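Let's take a friendly walk through a structure, one piece at a time. Keep the picture open beside you and look for each part as we come to it.

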Amino acid sequence: MARMKFLCDADRCIECNACVTACKNEHEVPWGVNRRRVVTINDGQPGERSISTACMHCSDAPCMAVCPVDCFYQTDEGVVLHDKDLCIGCGYCFYACPFGAPQYPQAGNFGGRGKMDKCTFCAGGPKEDGSEEEFALYGRNRLAEGKLPLCAEMCSTKALLAGDADTVSDIYRERVTARGFGGGVWGWNTAYGSDT
Amino acid sequence: MSSRPSIAGTALDRRAFLRNSGIVAAGSALAGLVPGGRIEAADAAPAGGGDIQNVLSVCTHCSVGCAVTAEVQDGVWIGQEPSFDSPFNLGAHCAKGASVREHAHGERRLRYPMKLVGGRWERLSWDQAIDEVGAELERIRTTAGPDSVYWLGSAKHNNEQAYLFRKFAAFWGTNNVDHQARICHSTTVAGVANTWGYGAMTNSYNDIHNSKSIFLIGGNPAEAHPVSMVHLLKAKEQGAPFIVVDPRFTRTAAHADEYVRIRPGSDVALVWGMLWHLFENGWEDQAFIQSRVWGLDQIREEVARWTPTETERVTGVPGEQVRKITKMMADNRPGTVIWCMGGTQHTTGNNNTRAYCILQLALGNMGKAGGGTNIFRGHDNVQGATDLGVLSHTLPGYYGLSEGAWKHWARVWGVSYETLAARFSSSKLMQSKGIPVSRWVDGVLEDKDNLDQPEGLKAMIFWGHAPNSQTRLPDMRKAMNQLDLLVVVDPYPTLTAVLHERQDGVYLLPAATQFETYGSVTASNRSLQWRERVVEPLFEAKPDHEILYRLADRLEIAGPLFHNIEVRDNEPVIEDITREFNRGMWTIGYTGQTPERLRKHMANMATFDRTTLKAEGGPCDGEYFGLPWPCWGDEKLAHPGTPILYDTSQAVADGGLTFRARFGVLREGENLLADRSFSKDSEIEDGYPEFTMAMLKRLGWDSDLSEQERSAIESIAGDKTNWKTDLSGGIQRVAIMHGCAPFGNAKARAVVWNFPDPVPLHREPLYTTRRDLVSDYPTYEDTRGYRVPVLYRSIQERDYSKDFPIILTTGRLVEYEGGGDESRSNPWLAELQQEMFCEVHPRDANNAGFQDGDDIWVEGPEGGRVLVKALVTRRVDPGVAFMPFHFGGRFMGQDLRDRYPEGADPYVLGESSNTVGTYGYDSVTQMQESKVTLCRISAA
Amino acid sequence: MEHGIRFRYLSTVCVVAVVALGGCRESEQGRRLDTGKGAYAGAPDQQLSAETRDALALRAEYQRF
């Protein structure tokens, strides 16, 4: 199996925020904590495009590299997780993250006192899979149930894809081929020119 | 599309922990607050947790009909999973749909019956509440007559509740009954039905996959129907040009191939401008028009004046762009035309909807896969509530209010016509349209001599309706203050609970949501789905049909009302209600969708094709998902439903259809019936009128009737019995057996001679900045309709544009629905939109001296004003402002939060756009004008 | 006036001391701080079974549309 990845097809994303509320729903994420967000550029003008972002589960994750207490680990599937018992909430990963993924809740069921919280790719954390303790600290563990992140599974237009990167890229490639127009992935036009 | 795998044996015993986690804890904490509340069941469950059950329901927000898969354990809704098997949503949801499990918390729900006493909310028992409300209703009935009580129903009812609600009003003795359809798509229903027979979406969301072009006008599905976008974008990706016409550069427009910025309220002008190019270049479908369209020559005469120059003068759309989009539509057939509130909510709404239909007729796009008028209805069951007649101008099934219509339903209900007539003030009032919801305010405020009923309205029953979706809120506040009785039946208090300034005479009755009951619901594409009950009603809430029963019992009409319907422990049996309307809804084929068939469809969703909606193999083989109406005949006929209206390439027995023969057979000496066009396998190879017993006899087909059918027909009206009134279904069965459509085979009519504008005309809005166009395109003369005066010219003739120079339009946000009382009470949604705002162009903001994020006053010409945040954006043109209509709880700068019952105030409050919304009603349906008015904007 | 300065000095020292010693609580003892790229120091997590991985691979196909 390859790594688990997210991919957001900006030609499909309509900024409906289903991914955001699906995440809230699945993990009972408290008000003020956003593991996932939809970002829109050129809002209200030609060229307006949106993409949904969360922790991208980098293969060589900067958060892991900079963490002073080494609380991060990466699962065999490439999901970047952390141990909240170890985390000191220093915010160093916040500096390092290219996506602004880390969150620092003040209270609630995501481990109080400002410890870092972020998207887990619905894979819980270093507690017994499916345990109450895991849910309280990290949210549900869908991967252990054989299910993929709910944000992608419920995406209104199937813009947000999640899963084995090989499958995700296969789905996306098939779409781009059928469309006959450029890639909706972020940065495609910059990388390949607007008429590819 | 690749086949979808099934997931076998996942590794983990799922979510055993949840019993003791936050959700259940919240549940039991709440249960502690409400002694006797049913939620205790969850708390009382044995430790260790029961099995997790998947319960299938349907989202209660919009009309796409997204299936909701709820995970329920020990009576608690613990999880929501994607419904991948649903052909409508393929597992997808929008922000609202993905958050419906918030029901498990329900923290801002109305918990028990309450009444306002000396300005304070007091708790009541259900018995006491029903008794007090019932007594007051009886007093009003005795002193002012049954028409002084207004029964305002809801598109949030399921079909059974909607039908029961309309029937209840009939037994109360009034036609003052209505619901949100009046202010959402009434102009569509009237305009479209009067063009070709039925006033509904002709194809389906799924069928848009087949479209070669998409013309979307006055709609913003990316926010209002987000899951429909998966189907639209699929068509776009397959090469269909996607044209979006809107005054605002919406999130939908951001995905368009061609965005057309139109001046608000100039739709007819744009469509005629397009037809000008179509006719000029000979791009119309001559053969289709010849065989299936009447009256197009009269349209040509009007279109001739809409030259590119004149079109541009009125619409603001560059002439070259009009030609370009017309050519796109002409070159890419079949294309679909889609519209929503941007087209319907105008004084000329019915003209707009008919113009869109005529565009499709001229292009020959009707009755075809990929074509059609795909009208996106609003609420989850607004189609069903419309079909089942929660309307002031008709009984269920669009039978109207004539004596014949009443007699038909009296037969179905098992009561005499005289019994019903005795409940009304007069047979004249029984057969005349009631006051529509858009005008109830005038039913209170107008002098009674100015009303076509004996007394004004004294009591309002808001049963699942948010007042802030209606214009003229300052007037509404006055009307609310003046009533004798104001009742809210709703899961939430709604703005109604706080908008008035009363000290007493207000009751709040907590209704269950559709996840707390079960029954059928009709999606926009006319498919019926069956919801199962996910959880028991929270707190002391009760389902609508139970509340109706209790009230009927108190008013002593329960006996005849529930003649055919079993009542168990005060709750009428839903399936009995379905079966009763199955026995009466012949007009639109709500007769074949029995509870059993619908449940079978839900259980076998995965077997239906995602484009055609047809089951291939499996228990529903050959049927279309949800048996889209018309599903002709009774259950025994096993009709598969009609996926595409007026599609002659299929036999009627297989879901094909012709245009309906609804308007006679001759007009001005011309044949109105179809000309050598007929549906597949039709034994009559030409047009024909609607079927009656007499017609069957003339054709010699009456011998195909069974003895039972024949005697039923004889007992109804003999030879005059027709396909609509034959309760045996024999006439429909025999017509279909011979390949014919029971409702006849006619041409669509481009000219609706019984409407104020037979040929749709452009008319300037009542409040317009374009005074130069008023003389060329004036509005109507003042008139009367639906028991109330209707003003046009007397408003338009005064120039408000100097003091109010900016056009104000309104619309939706993805996070909220309708009046927003439910969605603003859902923290997962409320967090995403915490401020009411007004979109203003940078030029207007700079001229008025405010910046993005500033507080501003938006003031309307009728005195309404709102204090909101400025959102400075190029999404709107200079001179145009936009506000969403979902907010409530602030009124002209005043915060109303402390007026809500404690703990039932929504998380987010805000000014209602309709506080600024002004007068203006459609000339046929009394639809409110909420898309064009004027305002002035200043820094606060 | 000199008295005032001394008082301020002393109170600052006290505040600093309280804050600094706050980091000496038992739960904070022995925590390894490392600015280099290091090895995970937290509790071990369970691995997914082969069966679950297969289920996940199949499940991704639902998104194909």
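How many bridges join strand β2 (residues 67–73) of chain B to β3(B)? There are 5 of them, and the two strands run antiparallel. Before we go on, please keep in mind that this is a predicted model.

## A three-strand sheet early in chain B

The pair we just met belongs to an open sheet of 3 strands in chain B, with the order β1-β2-β3 and antiparallel pairing. At its edges are β1 (52–58) and β3 (76–81) of chain B, each of which pairs on one side only. From one strand to the next, the twist averages 35 degrees.

To see the pairing residue by residue, find B:Thr69, which stands opposite B:Glu81 in β3(B).

## Another three-strand sheet in chain B

Now move along chain B to an open sheet of 3 strands with the order β32-β31-β33, where the pairing is mixed. Why is one side of β32 (894–895) and of β33 (910–911) of chain B left without a neighbour in the sheet? Both strands stand at the edges and have a single partner strand each, so each has one side with no neighbour there.

Strand β31 (residues 889–891) of chain B and β33(B) run parallel, joined by 2 bridges. Here B:Arg890 is the residue to look for, as it stands opposite B:Glu911 in β33(B).

## A strand covered on both faces

Is strand β27 (residues 837–840) of chain B covered or uncovered on its two faces? Both faces are covered. On one side B:Phe837 and B:Glu839 are buried, and on the other side B:Cys838 and B:Val840 are buried too.

This strand also has partners to trace. With strand β29 (residues 865–872) of chain B, β27(B) pairs in the parallel sense over 4 bridges. With strand β30 (residues 880–884) of chain B, β27(B) pairs in the antiparallel sense over 2 bridges. B:Val840 is a handy landmark for both pairings: it stands opposite B:Val872 in β29(B), and opposite B:Ala881 in β30(B).

## Two helices that cross

Next, look at helix α5 (residues 186–196) and helix α14 (residues 349–363), both in chain B. Their axes come within 8 Å and cross at roughly 45 degrees, which means that α5(B) is oblique to α14(B). The crossing of α5(B) past α14(B) is right-handed.

Which residues meet where these helices come together? From α5(B) come B:Thr187, B:Thr188, B:Ala190, B:Gly191, B:Val192 and B:Thr195, while α14(B) brings B:Gly349, B:Asn350, B:Thr353, B:Arg354 and B:Cys357. Sorted by class, the residues of this contact are 3 nonpolar, 7 polar and 1 charged.

## One residue in a loop

Zoom in on B:Arg333, in the loop between α12 (319–331) and β12 (335–339) of chain B. With 17 other C-beta atoms within 10 Å, B:Arg333 is partly exposed. If we set aside neighbours within four places in sequence, B:Arg333 is in contact with B:Lys212, B:Leu363 and B:Asn365.

You can also try a distance check of your own. B:Arg333 and B:Ala735 are 402 residues apart in sequence, and their C-alpha atoms are 32 Å apart in space.

## Chain A, inside and at its border with chain B

In chain A, start with strand β6 (residues 160–164): 5 of its 5 residues are buried, so the strand is largely enclosed by the rest of the structure. Strand β1 (residues 4–8) of chain A pairs with β6(A) in the antiparallel sense over 5 bridges. One of the matches to find is A:Cys8, whose bridge partner in β6(A) is A:Leu160.

Now turn to where chains A and B touch. Here 35 residues of chain A are in contact with 44 residues of chain B. On the chain A side, α1 (18–27), α4 (132–138) and α6 (165–179) each supply at least two residues, and α1(A) gives the most, with 6 residues. By class, this side of chain A has 11 nonpolar, 11 polar and 13 charged residues.

## A last stop at chain C

How many helices and strands does chain C have? Its secondary structure comes to 2 helices and 0 strands. Of the 65 residues in chain C, 15% are buried.

Terms used. Residues are numbered from 1 along each chain as its sequence is written. Chains are lettered from A and ligands numbered from 1 in the order in which they are written. This is a predicted model: local features need pLDDT of at least 70, side-chain atom pairs count only at pLDDT 80 or more; totals for chains, interfaces and linings use all residues. A residue is buried if 20 or more other C-beta atoms lie within 10 Å of its own, exposed if 12 or fewer, and partly exposed in between; C-beta atoms are placed from the backbone. Two strands pair if DSSP finds at least two bridges between them. Two residues are in contact if their C-beta atoms, placed from the backbone, lie within 7 Å. Ala, Val, Leu, Ile, Met, Phe, Trp, Tyr, Cys and Pro count as nonpolar, Asp, Glu, Lys and Arg as charged, and the others, Gly among them, as polar. Axes are lines fitted to C-alpha atoms, for helices over the stretch in contact, and angles run from 0 to 180 degrees between N-to-C directions. Angles under 35 degrees count as roughly parallel, over 145 as roughly antiparallel, 65 to 115 as roughly perpendicular and the rest as oblique. A crossing is left-handed if the near helix is turned anticlockwise from the far one by less than a right angle, and right-handed if clockwise.
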